[in-house]
Structures are given as C-alpha cells and as structure tokens.
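Got your viewer open and a cartoon view ready? Let's take a walk through this protein, one selection at a time.

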Amino acid sequence: GRLQSVRRHVSATDGPRGSFADHFGGVARGYASFRPTYPRALFDWLAEVAPSRSLAWDCATGSGQAAVDLAAGFARVIATDASAAQIAQATPHPRVEYRVATAEDSGIATGSVDLVAVAQALHWFDLGRFNAEARRVLVRGGVIAEWAYGLTRVDGDAVDALVQHYYSEVVGPWWPPERSHIETGYRDLAFPFTRLDAPPFTMAVDWNLGQLLGYLRTWSATARFTQARGFDPVLALGERLAPHWGPPAQARRVSWPLVLRAGRADPPV
C-alpha cells in the first residue's frame with residue numbers, strides 16, 4: 001500500500017533532550033507494505049488551496065506514501081523523516097527528494113514551501129519548535145495541513161470487537177502516551193495558523209485477513225509488546241479472528257475516521 005503520511009506516516013520524535021525515539025524503524029518494511037492509503041480527494045484539495053504548486057514539504061514522511069501522492073499535484077516534494085530506516089524503505093519518485101531530518105530542523109530554505117503536510121505524525125513532535133519551523137519555511141499565504149486516522153473499524157461485529165479488544169487491552173499498555181492525541185483528533189494541540197474549512201474525507205480499504213494482520217504488526221504498540229514480551233501477539237489474534245472471518249482470502253471493509261486540520265501561515269497577500 002502507499003500510505004500517507006497520511007505518516008504519518010511516521011512515528012519519530014525529537015525529544016525534549018534532543019533524543020530521537022524511533023518507534024517504527026524496526027517495522028519499516030511492513031509499514032511500507034501494509035499501511036492504508038489516503039483518499040485521492042485529500043491531495044487534490046491540498047493542491048487547490050496551496051498558493052502555488054511549486055514545492056511541498058512532507059514532514060515525517062515515513063516510507064513516503066503521502067509524498068508520492070503529493071507529487072501528483074506539486075512540481076517538487078521534499079520528504080523528511082528522522083528515521084533513516086524509514087527513509088531507506090521510501091518509495092522512489094522523480095519529483096520527491098527524501099532527506100533524513102527532524103520536523104523541528106528541516107534544513108529547508110526559508111520562505112520556500114507552498115504546503116507543509118504532516119500525516120499521522122504530529123503527536124511525535126516538539127510542537128512549539130515544529131510550528132516555528134513550519135512558519136519559517138512557508139511562503140506568505142502558504143498552507144499547513146495536519147491529518148491523522150483514528151481507531152480501525154472492520155466490517156462484522158465479532159471481527160470488529162476482537163480488533164477493538166486487541167487495540168485497547170492486548171497492546172493497550174504499550175501505546176506511547178502521545179497516541180492519546182490521535183484519539184482526541186489533535187484537539188488539545190496548539191495550531192497557531194489561520195484555519196481553513198476542510199471538507200470531510202473518508203479513508204477505507206478492502207483487505208483480506210492476512211493484510212489486516214500485516215497492518216496490525218505495523219502498530220508501534222505491537223512492536224513494543226513483541227520486544228517486551230518476546231512473542232508476536234498478532235498470531236493469537238489471527239487464530240481468534242479466523243472462525244469469524246470466513247475464507248482468509250475474503251475481503252472485508254476496513255475504515256478509519258480521518259481528522260484533518262489546515263490553515264495558512266499568514267493571510268494571502
């Protein structure tokens with residue numbers, strides 16, 4: 001799958017002491033393969049509201065899913081991630097330049113970016129420093145868009161109940177505390193930009209059982225559980241899901257609520 005960033009793609013943070021906690025480096029290959037894709041309409045809308053389509057910055061790009069989609073609407077995309085392992089798995093594209101850099105110190109020229117995009121990653125940042133960096137790199141009237149997708153829902157009550165139990169009870173204690181910001185739709189995080197009214201966007205895929213399990217293995221909580229306990233908790237979940245799923249190759253609709261907030265660095269001239 002090509003996912004975005006919608007990275008969020010990435011779970012990386014430049015911590016308060018300058019330390020970088022790479023929650024996803026160990027699952028970078030799976031992250032590139034199993035993360036869902038963001039809706040095409042989202043990227044079309046971003047290209048429409050940006051003051052021009054010269055340069056977009058995909059911050060915390062992960063394996064580059066959102067960067068590739070942004071490249072359909074922008075002449076150039078600079079895609080950064082603090083995780084070298086994630087960048088190593090990034091999808092090549094002639095208009096995307098990948099760089100290892102933090103959200104708070106991008107190395108991008110001042111006043112050069114039409115759009116700053118942050119997909120599924122804002123909760124890992126030092127937000128005050130990132131907001132200052134975004135304002136520095138944006139052109140006047142440039143747009144910043146931050147989005148995330150919430151808790152996975154799967155068609156079928158029995159299947160969905162098992163997935164919810166896995167999320168909250170099995171790997172629940174292993175979610176980094178920053179995960180709570182996704183659950184609240186970023187409502188508690190500062191956004192010092194002039195808000196734009198964004199249309200609603202939906203995010204959904206049709207997956208077989210193996211694809212769903214592959215996705216669950218990309219969760220940072222699953223990786224932390226596995227490291228701490230020494231075994232893969234997805235194996236047991238797969239055994240519990242199998243009787244309710246039907247044939248393993250059967251596809252079920254998997255969906256996520258998409259939260260988006262967008263704004264301008266300054267009123268357009």
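At what angle do helix α8 and helix α10 pack, and how far apart are their axes? Keep in mind as you look that this is a predicted model. Select residues 209-216 for α8 and residues 233-245 for α10. The two helices pack at an angle of about 150 degrees, and their axes are 11 Å apart. Angles over 145 degrees count as roughly antiparallel, and so α8 and α10 are roughly antiparallel to each other. Their crossing is right-handed.

Now show the side chains where they touch. On the α8 side, pick L209, L212, L213 and L216. On the α10 side, pick V234, L237, G238, L241, A242 and W245. What kinds of residues make up this contact of α8 with α10: nonpolar, polar or charged? They divide into 9 nonpolar and 1 polar, with no charged ones.

Stay on α8 for a moment and try a surface view. How many of the residues of α8 are buried? The helix is mostly covered, with 6 of its 8 residues buried. Those are L209, L212, L213, G214, Y215 and L216. Then zoom in on the start of α8 and select N208. A side-chain oxygen of N208 comes to within 3.1 Å of the backbone nitrogen of G210.

Next stop: strand β3, residues 55-59. Select D58, which lies in this strand. Is D58 buried or exposed? Its relative accessible area is 0%, so D58 is buried. Look for a partner of the D58 side chain: one of its polar atoms lies 3.2 Å from the backbone nitrogen of A67. Then add Y98 to your selection. D58 and Y98 are 40 residues apart in sequence, yet C-alpha to C-alpha they are 9.4 Å apart in space.

Keep Y98 on screen and add A88, which sits in helix α4 (residues 84-88). These two are 10 residues apart in sequence and 9.2 Å apart in space, again C-alpha to C-alpha. With a relative accessible area of 63%, A88 is exposed, whereas D58 is buried.

Go back to β3 and step into the loop between β3 and α3 (65-70), where you'll find A60. Check its backbone: phi of A60 is near 60 degrees, a positive value in a residue other than glycine. A60 has a relative accessible area of 6%, so it counts as buried.

Which other residue should you check for a positive phi? Try Y186, with a phi of about 65 degrees, although Y186 is not a glycine. Look for Y186 in the loop between α7 (180-183) and β9 (194-196). Y186 is buried too, with a relative accessible area of 2%.

Last stop: strand β7, residues 138-149, where you can select E146. At 0% relative accessibility, E146 counts as buried. Which side chain does E146 join in a polar contact of 2.7 Å? Turn on R261 and you'll see the pair: that contact runs between the side chains of E146 and R261. To see what else surrounds E146, leave out its neighbours within four places in sequence. What remains in contact with E146 is V118, L122, F130, N131, F191, V259, L260 and R261.

Key:
Residues numbered from 1 in each chain as written. Predicted model: local features only at pLDDT ≥ 70, side-chain atom pairs only at ≥ 80, totals over all residues. Heavy atoms only, no water. Axes fitted to C-alpha atoms, helices over the stretch in contact; angles between N-to-C directions. Helix = DSSP H or I, 4+ residues; strand = E, 2+ residues; numbered from the N terminus. Parallel < 35°, antiparallel > 145°, perpendicular 65-115°, else oblique. Left-handed = near helix turned anticlockwise from the far one by under 90°. Contact = heavy atoms within 4.5 Å. Nonpolar A, V, L, I, M, F, W, Y, C, P; charged D, E, K, R; others polar. Buried < 20%, exposed > 50% of the residue type's maximum accessible area, 1.4 Å probe, protein only. Polar contact = N/O pair within 3.5 Å; in protein donor to acceptor, adjacent residues only side chain to side chain.
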